[in-house]
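Work through the following exercises with the sequence and the coordinates open side by side. Each task is followed by a solution in steps.

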Amino acid sequence: MGRMHVFDRRSLREALDGFRGEVKFHEPLAVYTSLQIGGPADALVIPSDVDDLKRLVRQAILNKVPLLVLGGTNVLVRDKGVRGIVIQLAQLNHIRREANHVLYAQAGARMPTVLGYAIRHRLSGFEWAAGIPGTVGGGVVTNAGTRLGEMRDVLTAIELVTDSGNLKRIDASKLSFAYRYARVPKRVIVGAWFQLSQTTKEHVESLTKHYLRYRKETQPLTLPNAGSVFKNPPEQSAGSLIEQVGLKGARIGDAQISTKHGNFIVNVGHARAKDVIDLIRTVRRTVAQQTSVTLQLELKTVGEL
Ligand SMILES: Cc1cc2nc3c(=O)[nH]c(=O)nc-3n(C[C@H](O)[C@H](O)[C@H](O)COP(=O)(O)OP(=O)(O)OC[C@H]3O[C@@H](n4cnc5c(N)ncnc54)[C@H](O)[C@@H]3O)c2cc1C
């Protein structure tokens, strides 16, 4: 994506031909990200339904226009923004209950909404997701989770729109997962099925509240952030390593290592992506020098610097 792709205005127009959803050209992406950072997308689009998305994907691929799906809670959008089309799945947010305690959620549904739905239907198994703000699609791609559980524990199948614009259902057994990673075929996930189990509303609700309370105590939830910046190295905690090397509170421009949690970068004003990237470099260098651990990014960086 980015500089490698050459496409012109005509290709963009042809990719969007017949599109029924919302389109915004040169749309700043900062407002669509939890870090509140990022330059403009050539076009930000919100498909009105799955058919709209199918046509868009087919036409964009035919016209060689880059596509990026943005949930926005684990990404850093660089300051010059994203070339091509950025897709928001805000209209694809339907959730339904199927037989045998299975939930189907469209990819644009937010994880907290899915959890709320599960609570109302007295379904257990999704509680680990309490406090993860992203979409179902982003959750699948990142195998979102915590020490308490993760996506792969409950995911039974996904549905995606392929590059030729067709719908395809794939069993979770055909996907491979790792820590905060899933290998998923291209292109856009449009829905996922979760196997949950019947319980009482009180049970799910109290577990969820307990997890949320813990997060509130340990994470800087009142400032814009994008969750964990680095993956935890095996048997270690990235946050503790960062604290150990004395970088908690370190600041470049308006980007700061949270004083509450070493593995969160917060935007304390008008941080630029460059500030965040410089801070990430400083952390990686310092931690490597002082502890010999090379931290891997969990945050995904997209767009042009
Ligand atoms: C306060 C806070 C707490 C958090 N806590 C956790 C946590 O405990 N555990 C955890 O795992 N994460 C956590 N996160 C990070 C984040 O919420 C998750 O990684 C989430 O799963 C990302 O979802 P998203 O929809 O925002 O995707 P994005 O961050 O926008 O995207 C992630 C990747 O998925 C791709 N993608 C998104 N949707 C689709 C789709 N439909 N089809 C194909 N590709 C897609 C994107 O292009 C990108 O490559 C936290 C974030 C915040 C802000």
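The exercises below concern a predicted model and treat its domains, its strand pairing and the surroundings of its ligand.

**Exercise 1. Domains and their contact**

Task: State the domains into which the chain is divided, and describe the side of domain 1 that touches domain 2.

Solution.
Step 1. The assignment gives domain 1 as residues 2-87, domain 2 as 95-217 and domain 3 as 221-302.
Step 2. Taken over C-alpha atoms, the centres of domain 1 and domain 2 lie 25 Å apart.
Step 3. Contact between these two domains involves 14 residues of domain 1 and 13 residues of domain 2.
Step 4. On the side of domain 1, α2 (50-62) and β3 each contribute at least two residues. The most comes from α2, with seven residues.
Step 5. By character, this side of domain 1 comprises seven nonpolar, four polar and three charged residues.

**Exercise 2. Strand β2 and its partners**

Task: Determine which strands pair with β2 and in what sense, and explain why β2 is largely enclosed.

Solution.
Step 1. Strand β1 (residues 22-28) is joined to β2 by six bridges, and the two run antiparallel. Within this pair, K24 has L44 of β2 as its bridge partner.
Step 2. Strand β5 (residues 82-87) is joined to β2 by four bridges, in the parallel sense. Here L44 has V86 of β5 as its bridge partner. L44 is thus bridged to K24 as well as to V86.
Step 3. In general, strands of a sheet pair through backbone hydrogen bonds, either parallel or antiparallel.
Step 4. Of the seven residues of β2 (residues 40-46), five are buried, so the strand is largely enclosed by the rest of the structure.

**Exercise 3. Strand β11 and the hairpin**

Task: Trace the pairing of β11 with β15 and with β12, then examine the turn of the hairpin.

Solution.
Step 1. Six bridges connect strand β11 (residues 155-161) with β15 in an antiparallel arrangement. E159 has G191 of β15 as its bridge partner.
Step 2. Strand β12 (residues 167-171) also pairs with β11 in the antiparallel sense, over five bridges. V161 is placed opposite L167 of β12.
Step 3. β11 and β12 form a hairpin with five residues between them. In the turn, G165 has a positive phi of about 85 degrees.

**Exercise 4. The sheet β17-β18-β19 and helix α8**

Task: Establish the strand order of this open sheet, name its edges and locate the helix that packs on it.

Solution.
Step 1. The order of the three strands is β17-β18-β19, with antiparallel pairing.
Step 2. β17 (251-252) and β19 (265-267) are the edge strands, since each pairs on one side only.
Step 3. Three bridges link β18 (residues 255-257) to β19; Q256 has V266 of β19 as its bridge partner.
Step 4. Helix α8 (residues 273-291) packs on the sheet and touches β17, β18 and β19. The direction of α8 makes about 30 degrees with that of β18.

**Exercise 5. The shell around the ligand**

Task: Identify which residues come nearest to the ligand and which elements supply its shell.

Solution.
Step 1. There are 32 residues around the ligand, and G71, G134, G137, G138 and G227 come nearest.
Step 2. β3 (67-69), α4 (136-141), β9 (145-146) and β15 (188-195) each supply at least two residues of the shell. The largest share, four residues, belongs to α4.
Step 3. The shell divides into 14 nonpolar, 16 polar and two charged residues.

Notes
Residues numbered from 1 in each chain as written. Predicted model: local features only at pLDDT ≥ 70, side-chain atom pairs only at ≥ 80, totals over all residues. Near = placed C-beta within 6 Å. Nonpolar A, V, L, I, M, F, W, Y, C, P; charged D, E, K, R; others polar. Pairing = 2+ DSSP bridges. Contact = placed C-beta atoms within 7 Å. Axes fitted to C-alpha atoms, helices over the stretch in contact; angles between N-to-C directions. Domains from an automatic or database assignment. Buried ≥ 20, exposed ≤ 12 C-beta atoms within 10 Å, placed from the backbone.
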